[in-house]
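Please find below a colleague's note on the structure shown here. The points run from the whole chain to single residues.

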Amino acid sequence: MRTQSAPWRAAAVLASVLLVGGVAACGNSDTGGGGTKDDGKITMGFSQVGAESGWRTANTISIKEAATAAGIELKFDDAQQKQENQIKAIRNYIQQKVDVIAFSPVVESGWDTVLKEAKDAGIPVILTDRSVDSADKSLYKTFLGSDFVKEGRLAGEWLVEQKKTASGPVNIVELQGSTGAAPANDRKKGFAEAIAANPNLKVIASQTGDFTRAGGKQVMEQFLKANPKIDVLFAHNDDMGLGALEAITAAGKVPGKDITIITIDAVKDGMQALADGKFNFIAECSPLLGPQLMDLAKKVKAGQEVPTRIETEETTFTSEQAKEALPNRKY
Ligand code: GYE
């Protein structure tokens, strides 16, 4: 019987060698410079901005679902739009020796110290959705997310086209996203660059509404009180635009007619408002970053090279296009 078991044993040894090799190829080797656990499973610590908007909710769902689908253990923290909470969460993940840290930085500045701590601990960092302004690009492996300047530019270019025959001044109010956030800085910049093509187009007031409906409503009320003639609202996201709708209606004006409304994101509620003619134009920003993020985490952990910048594909919507797209909209 011994002679019969020998080939079987050889096969078993071979299988276990292949298995170990396979697991290493799937990302448990040390080459990723990552965490120190060796249980064959990737653990990701993710620090989310908050739950400020429909976009954010869809983004969180995408990340959680994709982690489960990819077999990645996800530690998730909601920072409630506060940088100090994100720094705390990242330090916790470093202490827990997770394999990969991913986060969506609430603001652009002030990350160098904590990112250096992660680097020194050998834990790779992936930025998703929003970026940081760190000069040292070696502090993170890659940035997966949208081109926010382009989104602002697309919004502005649409307006330039709409108002090309305007003979007098077109008064624009702007609801900015959270102060210091990359999408707020960049969307403002892209929009300003585009509308510079027509000197009639003027931003007469610009303030943060913190990316929330409540913020959008409150700031729009102030805008309406202070400015008798508002022709256009540019809101840095759908939620602020949706909040502003209430203020505009309460002021006796018809949104989408008396005031042209342009937003960014294209979440379902925004798309509904666009289809209903209350909004006039949306530049899309996709929150469905989960599957790509998990894929990147596996690659980074396996020590594979990844592009330092991965841009999300996006489009724009008019009211007619929103009507068509709405039935198939996932978020
Ligand atoms: O546009 C907004 C959210 O960072 C792209 O954050 C994201 C922005 C999104 O609160 O709705």
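The numbered points that follow concern a predicted model.

1. Overall content. The protein chain of this predicted model holds 11 helices and 12 strands. Of its 331 residues, 51% count as buried. The area that the chain exposes is about 15,200 Å², and 53% of that area is supplied by carbon and sulfur atoms.

2. Contacts along the sequence. Among contacts in the protein chain with a separation of 6 or more, 74% are accounted for by residues 24 or more positions apart. Two pairs with an end in helix α5 may serve as illustrations of separation in sequence and in space. Leu 154 and Thr 316 are 162 residues apart along the chain, yet their C-alpha atoms are separated by 7.8 Å. Ala 155 and Ala 194 are 39 residues apart in sequence, with 8.2 Å from C-alpha to C-alpha.

3. Helix α5. Leu 154 belongs to helix α5, which covers residues 148–162, and Ala 155 lies in helix α5 as well. Are these two residues buried or exposed? Leu 154 has a relative accessibility of 29% and therefore counts as partly exposed. Ala 155 has a relative accessible area of 0% and is buried. When neighbours within four places in sequence are set aside, Leu 154 is in contact with Phe 281 and Thr 316. With residues up to four places away likewise not counted, Ala 155 touches Phe 191, Phe 234, Ile 262 and Phe 281. Phe 281 thus appears in the contacts of Leu 154 and in those of Ala 155.

4. Helix α8. Does the length of this helix agree or disagree with the expected rise per residue? Helix α8 comprises 13 residues, 238–250, and should span 18 Å at 1.5 Å a residue; its end C-alpha atoms are 19 Å apart, which agrees. As to its surroundings, 10 of the 13 residues of α8 are buried, so the helix is largely enclosed by the rest of the structure. The buried residues include Asp 238 and Asp 239 at the start of the list, and also Met 240, Leu 242, Leu 245 and Ile 248. Gly 241, Gly 243, Ala 244 and Ala 247 are buried too. Gly 252 follows α8 and has a positive phi, near 80°.

5. Strand β9. Thr 260 is placed in strand β9, residues 260–265. With a relative accessible area of 11%, Thr 260 is buried, since the cut-off for that class is under 20%. Leaving aside neighbours within four places in sequence, Thr 260 is in contact with Trp 158, Lys 163, Asp 231, Val 232, Leu 233 and Asn 280. Asp 265 also has its place in strand β9, and this residue is buried, with a relative accessible area of 3%.

6. Positive phi outside glycine. Most residues other than glycine have a negative phi. Which values do Asp 265 and Phe 211 take? The phi of Asp 265 is near 130°, a positive value in a residue other than glycine. Phe 211 is not a glycine either, and its phi is positive, about 65°. Phe 211 is found in the loop between β7 (201–208) and α7 (213–226), where it counts as buried at 3% relative accessibility. A check of the backbone at both residues is invited.

7. The largest cavity. How many cavities of 30 Å³ or more does a search of the whole structure find? The search finds one. The space in the largest cavity is about 90 Å³. Its lining has 13 residues, and those nearest its centre are Trp 55, Arg 56, Arg 130, Arg 187 and Asp 265. Asp 265 is the strand β9 residue with the positive phi near 130°. Helices α2 (54–70) and α6 (182–195) each supply at least two residues of this lining. By class, the lining divides into five nonpolar, two polar and six charged residues.

8. The largest pocket. The volume of the largest pocket is about 180 Å³. Ten residues line this pocket, and the closest to its centre are Lys 141, Val 300, Gln 304, Glu 305 and Val 306. Its lining has three nonpolar, five polar and two charged residues.

Notes:
Residues are numbered from 1 along each chain as its sequence is written. This is a predicted model: local features need pLDDT of at least 70, side-chain atom pairs count only at pLDDT 80 or more; totals for chains, interfaces and linings use all residues. Side-chain values use heavy atoms; hydrogens and water are left out. Helices (H or I, at least four residues) and strands (E, at least two) are DSSP runs, numbered from the N terminus. The expected span of a helix is 1.5 Å times one less than its number of residues. Buried means under 20% relative accessible area, exposed over 50%, partly exposed in between (1.4 Å probe, protein chains only). Contact means heavy atoms within 4.5 Å. Accessible areas come from the Shrake-Rupley method with a 1.4 Å probe; for residues, only the protein chains shown count as cover. On a 1 Å grid over the protein atoms alone, a cavity is a set of points where a 1.4 Å probe fits but cannot get out, and a pocket is an open set with protein on both sides within 12 Å along at least five of seven lines; lining residues have an atom within 4 Å of a point. Grid points are joined across faces, edges and corners, and a volume is the space filled by probe spheres set on the points. Ala, Val, Leu, Ile, Met, Phe, Trp, Tyr, Cys and Pro count as nonpolar, Asp, Glu, Lys and Arg as charged, and the others, Gly among them, as polar.
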